[in-house]
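Let's take a walk through a protein model together. Keep the 3D view open and turn it as you read.

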Amino acid sequence: MNLNEIGQQAKAAAAQLMKCSTSQKNQALAAIADELELQLEAILEANQQDLSDAREQGLSDAMLDRLMLNKSRLMGMAQDVRHVIALADPVGREFDSRILDNGMRLCRRSVPLGVVGVIYEARPNVTIDIASLCIKTGNAAILRGGKETLRSNLALIQVIQQALEKVQFPLASVQYISDPDRARVAELLRMDTYVDMIIPRGGEGLHRMCRENSSIPVIIGGFGISHIYVEASAQQDKALRVIENAKVQRPSACNALDTLLVDESIAAEFLPKVAARMQDDRVRLVVDGKAATYLTLSDSIRLAQDGDYDTEWLSLTLGIKVVSNIDEALAHMYAHRASHSDAILTEQLSQAERFMNEVDSAAVYVNASTRFTDGGQFGLGAEVAVSTQKLHARGPMGLDALTSYKWIGVADYLIRS
């Protein structure tokens, strides 16, 4: 596989995509959504083969859940593509328009990034998410999924290619690196002649490797310890529902709850309720010494060890810590990598305001589950990643995050004096 050739083709496709109208891009997306439904059985068969291999290799339940496709998920993917069609095209939008003292009309106009390289693990739905967002924004995409999803991703790439061919859309708009050799990742990270941005989606190790080895700007995201702080005034029955949703609704997701912080003034009353609810959901609890005084240690409840509060569980495990007040809650979050999705449950406006102002995360919630940090839930359509850095984009990255801008100056043969 010649990555240099792939890069050249992607660069050429990006130049073609800049000329495509919104109607042409939407036509390509509609074709992909239709093809997903037409080839549903072939995709599921490929995915079952990947799942079978993954089970033999002993992959965790969380990884298996990320890898799995079924009819409902595939139909949802097709619907997500159609949702992207309905969204406004950000390319060509003008903003910050003004007339300068010299008579020049100056504005900024949004433009595609160019070529986006995405390296991801386990989730085959990412293939469709990225393809649809990149096509809508006029970006070419070079994709490299994990070896555990190779058959699924190749089936999805075939769907994309056949759909693009049907509507005579540039085929090199979406390309896939099928060679599982990790050397190909290192090679992609040095292709700054052709690739304008790298977006890794996976564990902390993948992000670190991309950050340390790439000669291309890298968007860091998708990793962070998610917290909920239950403040003393919280309505406890409602708080239990939010905690259960944040932990159990899809525990393998990056916005699932990792650590629950409980105000000590309500710990004696509230923690047994949490334990009972989590026991019903088969959630294992990892608790600090204070929390242990209100609970009975067992096979499903153990004392926290070094590193537990820095662990993104991605499974039915929940860390619990008792804190004396919001100051201790915030200090714990600062110390344990709160950067993704964090929430406070409270009836006190002053406590909510402090939390919103002082938590330095990509998404901060008051009286809501952390599970809402998602492009679809935010009304962005699909998402290409959840960025936890601060430059260019932050939080779920939808269409706008895949554009840059250029300055446009219009005058009447103006010269600078």
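Start with helix 6 (residues 125-136), which lies across strand 3, strand 4, strand 5 and strand 6 and runs at about 170° to strand 3. Before going on, bear in mind that this is a predicted model. Helix 1 (residues 3-17) also lies across part of this area: it crosses strand 3, strand 4 and strand 5, running at about 145° to strand 4.

**The sheet**

So what do those strands build? They make an open sheet of four strands in the order 5-4-3-6, with parallel pairing. Strand 5 (174-176) and strand 6 are at the edges, and each has a single partner strand, so one side of each is left without a neighbour in the sheet. On average, neighbouring strands here are turned by 20° against each other, if you ignore direction. A bit of background helps: strands in a sheet pair through backbone hydrogen bonds, in either a parallel or an antiparallel way.

Now zoom in on one pairing. Strand 4 (residues 140-144) and strand 5 run parallel and are joined by three bridges. Which residue of strand 5 is the bridge partner of Leu-143? Look for Tyr-176.

**A helix with a buried face**

Next, find helix 9 (residues 204-213), where Leu-206, His-207, Met-209 and Cys-210 are buried. Looking down the axis of helix 9, you'll see its buried residues fall within an arc of 165°, so they line one face of the helix. What do they pack against? The buried residues of helix 9 pack against strand 3 (115-120), helix 8 (183-188) and strand 6 (197-201).

**The nonpolar cores**

The largest nonpolar core has 77 residues, and the members touching the most others are Leu-36, Ile-130, Leu-143, Leu-188, Val-195, Ile-199 and Val-384. You've already met Leu-143 as the bridge partner of Tyr-176. Take Ile-199 as an example: leaving aside neighbours within four places in sequence, its contacts include Val-116, Val-118, Ile-219, Val-384 and Leu-402. Another core lies apart from this one, with 33 residues, among them Ile-228, Ala-239, Leu-271 and Val-287.

**Aromatic rings**

How many aromatic pairs does a search of the whole structure find? The search turns up two, and here they are:

| Pair | Centre to centre | Angle between planes | Arrangement |
|---|---|---|---|
| Phe-95 and Tyr-405 | 6.1 Å | 80° | edge-to-face |
| Tyr-405 and Trp-407 | 6.3 Å | 85° | edge-to-face |

Phe-95 sits in strand 1 (residues 94-99) and Tyr-405 in strand 16 (residues 403-410), so their pair ties together parts that are 310 residues apart in sequence. Phe-95, Tyr-405 and Trp-407 form one aromatic cluster. Are the last two buried or exposed? Tyr-405 counts as partly exposed, at 38% relative accessibility, and Trp-407 is partly exposed too, with a relative accessible area of 45%.

**One last stop**

Finally, look at the loop between strand 14 (386-387) and strand 15 (395-396), where you'll find Leu-391. Why does Leu-391 count as exposed? Its relative accessible area is 67%, and exposed means over 50%. Leu-391 and Ile-219 are 172 residues apart in sequence, and their C-alpha atoms are 8.5 Å apart in space. Ile-219 may ring a bell, as it is one of the contacts of Ile-199.

Conventions. Residues are numbered from 1 along each chain as its sequence is written. This is a predicted model: local features need pLDDT of at least 70, side-chain atom pairs count only at pLDDT 80 or more; totals for chains, interfaces and linings use all residues. Side-chain values use heavy atoms; hydrogens and water are left out. Buried means under 20% relative accessible area, exposed over 50%, partly exposed in between (1.4 Å probe, protein chains only). Helices (H or I, at least four residues) and strands (E, at least two) are DSSP runs, numbered from the N terminus. The arc is that of the directions from the helix axis to the C-beta atoms. Contact means heavy atoms within 4.5 Å. Two strands pair if DSSP finds at least two bridges between them. Axes are lines fitted to C-alpha atoms, for helices over the stretch in contact, and angles run from 0 to 180 degrees between N-to-C directions. A nonpolar core is a set of buried Ala, Val, Leu, Ile, Met, Phe, Trp, Tyr and Cys residues joined through side-chain atoms within 4.5 Å. Rings of Phe, Tyr and Trp (its six-membered ring) pair if their centres lie within 6.5 Å; planes under 30 degrees apart count as stacked, over 60 as edge-to-face and the rest as tilted.
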